[in-house]
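Q: Could you walk me through this one? I'd like to start with the terms, then the details.

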Amino acid sequence: MRAGNLILLAAILGAVAASFVYLGIDLGALVAGDSLAQMGKYASGFLQPDFSAAHLQAIGRGALETLAMSAIGTLLAALLGLALALPAAGRFGGVALHLTRLLLNALRAIPELVWAALMVLAAGLGPNAGTLALALHTAGVLGRLFAEALENTPREPADAIRESGGGRMLAFCYGTLPGVWPQLVAYTLYRWENNIRMASVLGFVGAGGLGQMLYVSLSLFQEAQAATVILAMLLLVLAVDALSGWARQRWVS
Amino acid sequence: MLTTAPRDPAALPRLLITVLALLLLWPGLSLSELDLAVLVDGDNTRAMGNFLAGFWPPAHDGEFLALLGRATLETLAIATAGMSLALLIAVPAALLASRALSLSAVHRGGRPAWWANLARWPVRGLLIFLRSVPEIVWALLFVRAVGLGPTAGVLAIAITYAGMLGKVYAEIFESVDARPTRALLGAGSSRLSAFAYGVLPNAAGEMLSYTVYRWECAIRASVVMGFVGAGGLGQQIDLSLRMFAGGEVASMLLTFLLLVLLADQFSRLLRARLT
């Protein structure tokens with residue numbers, strides 16, 4: 001056991017050293033000569049954020065766009081997720097179960113940013129691509145969570161409605177849905193919180209919102225404007241965290 | 001005998017809530033410029049269809065596979081190097097931010113004096129700032145500062161993960177049994193040896209398992225960061241996407257999935273062994 005641990009430790013240290021060698025990172029070059037001064041000059045550009053009214057207005061619009069992308073994306077994802085969760089919970093037989101699970105896994109495994117890059121190709125630049133990207137990835141996540149919630153809910157209420165002559169639709173709406181509804185809402189809100197963060201960076205590949213503003217102003221070397229956008233992103237994230245923390249304490253615990 | 005209920009008593013409130021939600025979301029529809037019709041538009045579907053048709057078969061000629069291997073290794077190396085730099089910042093920062101080694105707390109039942117808490121706030125604030133800015137924003141900034149390539153990715157991971165690890169380590173130090181540390185400090189040992197013999201033996205397992213989990217996250221993050229030019233698999237995916245090379249995108253996405261799966265398994269194995 002002792003020797004095994006030593007070998008493991010040596011292997012980890014070896015892997016770290018090999019990584020630095022493979023990447024050829026010269027940390028000395030980062031701090032040597034005038035490169036530190038250059039970086040300092042670059043960083044000092046961020047210290048005077050641009051608070052002009054016109055820029056703030058543009059940021060407000062960008063923030064609203066980000067919020068809208070995340071909200072609509074999450075809503076679409078919840079609808080698509082629920083539609084996929086029904087077969088994935090085994091309600092339409094075994095073949096449908098495995099097919100939809102495969103689909104959900106594929107949707108979920110590809111990160112939002114890759115979906116956004118694909119959607120920019122398919123639907124053009126702008127927030128539409130970001131909304132679709134969020135919807136697709138989140139549908140994979142929510143579909144799986146919804147399917148698990150559906151599987152774990154007791155069957156008796158739905159069975160009772162079926163046995164007293166109600167249709168499948170009625171049994172689902174009045175037997176199953178009331179039991180799982182709080183869980184579905186909680187999962188959706190949790191993902192929305194995540195998606196606000198994601199929506200603010202999806203713009204880097206051209207999918208609208210605050211991210212696109214940051215990317216453009218950095219490309220034009222407008223550090224002052226970029227600093228304001230970063231501040232706005234931070235505020236958005238902190239506000240969402242505070243709000244969801246408060247809501248969780250108020251309603252969930 | 002069961003009779004059908006004439007109507008659903010909860011229908012009206014539900015309808016009202018739905019209408020309210022729709023009213024709130026309506027401006028969002030125009031702001032997000034949602035347009036599903038674009039996807040089924042003639043030209044777009046044809047272009048996308050051609051692109052997707054290129055996905056099969058995934059590119060697998062020798063030269064491309066060599067490139068793929070290099071990019072995958074680069075992604076792994078970025079995650080590993082970034083994590084080791086993050087640890088260099090996180091451990092001292094956690095020691096400074098944690099209340100576990102407070103001298104003033106020894107004689108006050110574990111509660112540090114107010115000035116001692118105040119002195120910890122600058123480090124805590126720094127850690128909050130480091131982890132609040134998303135890693136991909138750091139990557140974008142570093143790409144502008146140090147140029148395209150893996151260095152920007154390593155620095156971005158180091159900065160963001162230092163913020164996360166520092167905070168979690170500080171919390172782990174505070175959550176373990178405080179009595180050994182307090183006994184050591186009370187008997188006059190230095191704070192560093194109190195840490196090494198009082199806190200670390202109890203905290204090491206949890207720290208290791210969290211670090212390995214974060215390394216797994218760093219691999220995923222380093223793929224995504226490539227999209228802004230920070231090296232690795234992501235940068236290659238971005239390049240192939242721009243060239244509409246469907247086969248290359250397909251095999252790189254498959255490699256990415258495989259990498260995530262393997263990292264998941266490996267970290268599970270490592271955690272089982274280390275803790």
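A: Helices here are DSSP runs of H or I with at least four residues, strands are runs of E with at least two, and both are numbered from the N terminus. This is a predicted model, in which local features need pLDDT of at least 70, side-chain atom pairs count only at pLDDT 80 or more, and totals for chains, interfaces and linings use all residues. Residues are numbered from 1 along each chain as its sequence is written, and chains are lettered from A and ligands numbered from 1 in the order in which they are written.

Q: OK, so how much helix and strand is there over residues 168-190 of chain A?

A: Residues 168-190 of chain A are 100% helix and 0% strand, with the end C-alpha atoms 30 Å apart.

Q: And what about residues 67-90 of chain A?

A: That stretch of chain A, residues 67-90, is 92% helix and 0% strand, and its end C-alpha atoms lie 35 Å apart.

Q: Switching to α5(A), which of its residues are buried?

A: Counting a residue as buried if 20 or more other C-beta atoms, placed from the backbone, lie within 10 Å of its own (exposed if 12 or fewer, partly exposed in between), the buried residues of α5(A) are A:Thr100, A:Leu104 and A:Leu107.

Q: Why do they line one face of the helix?

A: Seen down the axis of α5(A), the buried residues fall within an arc of 60° (taken from the directions from the helix axis to the C-beta atoms), so they line one face.

Q: Which exposed residues are on the face turned away?

A: The face of α5(A) turned away from the buried side carries A:Gly94, A:Val95 and A:Leu102.
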